[in-house]
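This report describes the architecture of one chain of a model and its contact with a second chain. It proceeds from the domains to the individual strands.

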Amino acid sequence: MLGQIIYAVPFLAQGFAVTLWVSLLVVVLSLIAGVLLGVGLVYGPAPLRWAVRIFSDTIRGIPILVLMFFVYYGLPAIGLHLPSFWAAVCALTLFKTAQVIEYLRGAVGSIPKGQSEAAMAIGLTFRQRLTYVIFPQAFRRFLPPWINGVTDAVKGSALVSLLGITDLMQAINQVIGRTYEAMPLYILGALIYFAVNYALSLASRRLERRFSFIRE
Amino acid sequence: MSEAPNASPALLDMRDVSKAFGAVEVLRSVSLQVKRGEVVTVIGPSGSGKTTLLRCVNFLESYDSGSIRIDGKEVGFRETATRQRRSERDLAAMRAETGMVFQSFNLFPHLTAAGNIMLGLTKVRGKKEAEARSIAEHWLGRVGLAHKADSLPAELSGGQQQRVGIARAVAMEPKILLLDEITSALDPELVGEVLAVVRSLADDGMTMLMVTHEMAFARDASSRIVFMADGEVSAVGPPKEILAAETSNERLRTFLARFRASHF
């Protein structure tokens with residue numbers, strides 16, 4: 001069993017790198033898009049709010065797998081051919097963006113209206129109010145669900161294997177295809193995913209404690 | 001259009017300001033002038049539009065018609081025929097000229113007392129950190145909280161928080177200070193310390209427009225009292241005149257009688 005694991009390590013390492021790369025792309029892109037659209041949802045003019053609301057509700061109502069197949073197999077019908085890697089990243093990012101929008105709305109919505117008004121009253125512009133008053137306070141509420149979402153993204157990235165991308169999941173399957181020893185490899189794979197996500201949630205707990213200055 | 005400063009002798013000049021929330025008219029053609037150095041108090045039953053009036057002055061609320069000028073400059077709208085709302089940047093600059101103190105303090109909980117005061121000084125007034133800090137310390141000293149500069153709002157009593165709120169507003173050197181029922185959320189024993197600060201600012205010549213239920217304070221500190229009822233200015237005059245029990249204004253008489261009954 002140890003021999004199989006040692007044999008598998010180089011394959012898995014490559015797959016693991018792909019898993020981390022996909023996760024990182026999805027997390028960063030969805031954070032940027034989600035925060036921007038979330039601000040649009042909370043503060044934007046009515047048409048923008050509706051558009052974001054419809055986007056978020058629609059995307060969150062579709063299984064990620066369906067979304068991924070839609071982007072990869074469906075979009076070519078309208079002339080949009082994405083390579084499998086980018087189709088997968090795109091689908092996962094869309095899904096994660098919809099979640100980030102909701103985290104942001106919840107976090108910003110929890111800040112009393114008086115905070116914005118006090119910030120307006122001293123003459124801060126919209127951008128300054130967000131930067132110096134709203135976001136620093138909303139951050140603490142945004143963080144726990146968002147880190148949760150990051151671990152979901154790492155786990156969910158295993159779906160990209162279904163588009164034939166050799167991520168950690170696919171690498172495990174390939175090794176099993178050669179050795180016919182499923183059990184040790186799946187255990188190893190599970191441990192790797194767990195290690196990443198456990199590290200993330202530990203980091204999250206430390207961060208939360210650091211930002212616990214705000215009275216509930 | 002030219003924006004002549006001091007076109008009107010009044011620092012704050014509200015003319016025929018009307019505002020409705022849906023079908024409810026909260027302000028009906030309200031006109032009110034506040035001269036430099038004057039302390040004007042607005043009283044009236046709840047729902048009479050006092051707070052809305054105050055919030056229109058720094059455009060936390062928009063108004064439907066009429067004009068509000070501070071130092072001759074229209075507050076919320078461009079001075080064109082189309083009554084276009086000012087840009088975000090313009091509005092921010094206008095609001096920096098008025099200070100506001102809130103009923104619920106609204107201190108920034110993630111910043112210290114000094115940090116609350118410094119935020120506007122550094123980001124709006126463009127002052128250096130060290131200068132902002134020394135201005136913050138000066139004003140904290142003025143409100144008797146020099147020793148609390150590095151305390152977070154959560155570590156302060158309500159009265160102390162409100163005094164920081166006042167310091168935050170006046171440190172910006174506003175042309176006019178708006179006080180919105182600033183003692184209503186305080187325990188009775190903490191009201192005095194806050195009113196003492198307001199009193200000392202008045203003595204220094206700060207122009208103020210305040211909404212309050214503290215009639216004794218209104219009587220002692222105001223140059224004039226405005227009585228509002230149903231969105232209208234029902235009576236204006238010196239405190240003695242307005243608060244006289246035998247006023248001929250029936251709505252005012254009812255209000256004062258009710259007020260005396262509930263406050264002995």
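Domain bounds, as used here, come from an automatic or database domain assignment. The model is a predicted one. On that assignment, chain B is divided into domain 1 (1-97 + 176-264) and domain 2 (108-173). The C-alpha centres of domain 1 of chain B and domain 2 of chain B lie 25 Å apart. Twelve residues from domain 1 of chain B and eleven residues from domain 2 of chain B take part in the contact between them. On the side of domain 1 of chain B that touches domain 2 of chain B, helix α6 (residues 188-203) of chain B gives the most, with five residues. That side of domain 1 of chain B has ten nonpolar, no polar and two charged residues.

**Overall form of chain B**

Chain B has nine helices and ten strands. Its radius of gyration is 19 Å, close to the 18 Å that the globule rule gives for 264 residues, so chain B is as compact as a globular protein of that length. Taken along the principal axes, the C-alpha atoms of chain B fill a box of roughly 55 × 50 × 35 Å. Of the 264 residues in chain B, 47% are buried. Among contacts in chain B with a separation of 6 or more, 66% are between residues 24 or more positions apart.

**Helix α5 of chain B**

Helix α5 (residues 158-170) of chain B has 13 residues, which at 1.5 Å a residue should span 18 Å; its end C-alpha atoms are 18 Å apart, which agrees. The helix α5(B) is mostly covered, with twelve of its 13 residues buried. Among the buried residues of α5(B) are Val164(B), Ile166(B) and Val170(B), as well as Arg163(B) and Arg168(B). The buried residues of α5(B) pack against β6 (98-101), α3 (113-123), α4 (129-142), β7 (176-180) and α6 of chain B.

**Parallel strand pairings**

Strand β7(B), one of the elements against which α5(B) packs, is itself mostly covered: five of its five residues are buried. Ile176(B), Leu178(B) and Asp180(B) point one way from β7(B), whereas Leu177(B) and Leu179(B) point the other way. In a regular strand the side chains alternate between the two faces of the sheet. Strand β7(B) pairs with β6(B) in the parallel sense over four bridges, and Met100(B) stands opposite Leu178(B) in β7(B). Four bridges also join β7(B) to strand β8 (residues 208-211) of chain B, and these two strands run parallel. Here Leu177(B) has Met208(B) in β8(B) as its bridge partner.

Strand β8(B) is also joined by four bridges to β3(B), again in parallel. All five residues of strand β3 (residues 39-43) of chain B are buried, so β3(B) is largely enclosed by the rest of the structure. Val39(B), Thr41(B) and Ile43(B) point one way from β3(B), and Val40(B) and Val42(B) point the other way. Strand β3(B) further pairs in the parallel sense with strand β9 (residues 224-229) of chain B, over four bridges.

The table lists residues that stand opposite each other, or are bridge partners, in the parallel pairings.

| Strand pair | Facing residues | Bridges |
|---|---|---|
| β6(B) and β7(B) | Met100(B) and Leu178(B) | four bridges |
| β7(B) and β8(B) | Leu177(B) and Met208(B) | four bridges |
| β3(B) and β8(B) | Val42(B) and Val211(B) | four bridges |
| β3(B) and β9(B) | Ile43(B) and Phe227(B) | four bridges |

**The antiparallel sheet**

Chain B also has an open sheet of four strands in the order β2-β1-β4-β5, with antiparallel pairing. Strands β2 (24-34) and β5 (73-74) of chain B stand at the edges, each with a single partner strand, so one side of each is left without a neighbour in the sheet. For β5(B), the pairing with strand β4 (residues 65-70) of chain B is antiparallel and has two bridges. Ile70(B) has Lys73(B) in β5(B) as its bridge partner.

**Contact with chain A**

The contact between the chains takes 19 residues from chain A and 23 residues from chain B. On the side of chain A that touches chain B, the elements that give two or more residues are α5 (113-121) and α6 (126-156) of chain A. By class, that side of chain A has eleven nonpolar, six polar and two charged residues.

Definitions and conventions
Residues numbered from 1 in each chain as written. Chains lettered and ligands numbered in written order. Predicted model: local features only at pLDDT ≥ 70, side-chain atom pairs only at ≥ 80, totals over all residues. Contact = placed C-beta atoms within 7 Å. Nonpolar A, V, L, I, M, F, W, Y, C, P; charged D, E, K, R; others polar. Rg over C-alpha atoms; globule rule 2.2 N^0.38 Å. Buried ≥ 20, exposed ≤ 12 C-beta atoms within 10 Å, placed from the backbone. Expected span 1.5 Å × (residues − 1). Pairing = 2+ DSSP bridges.
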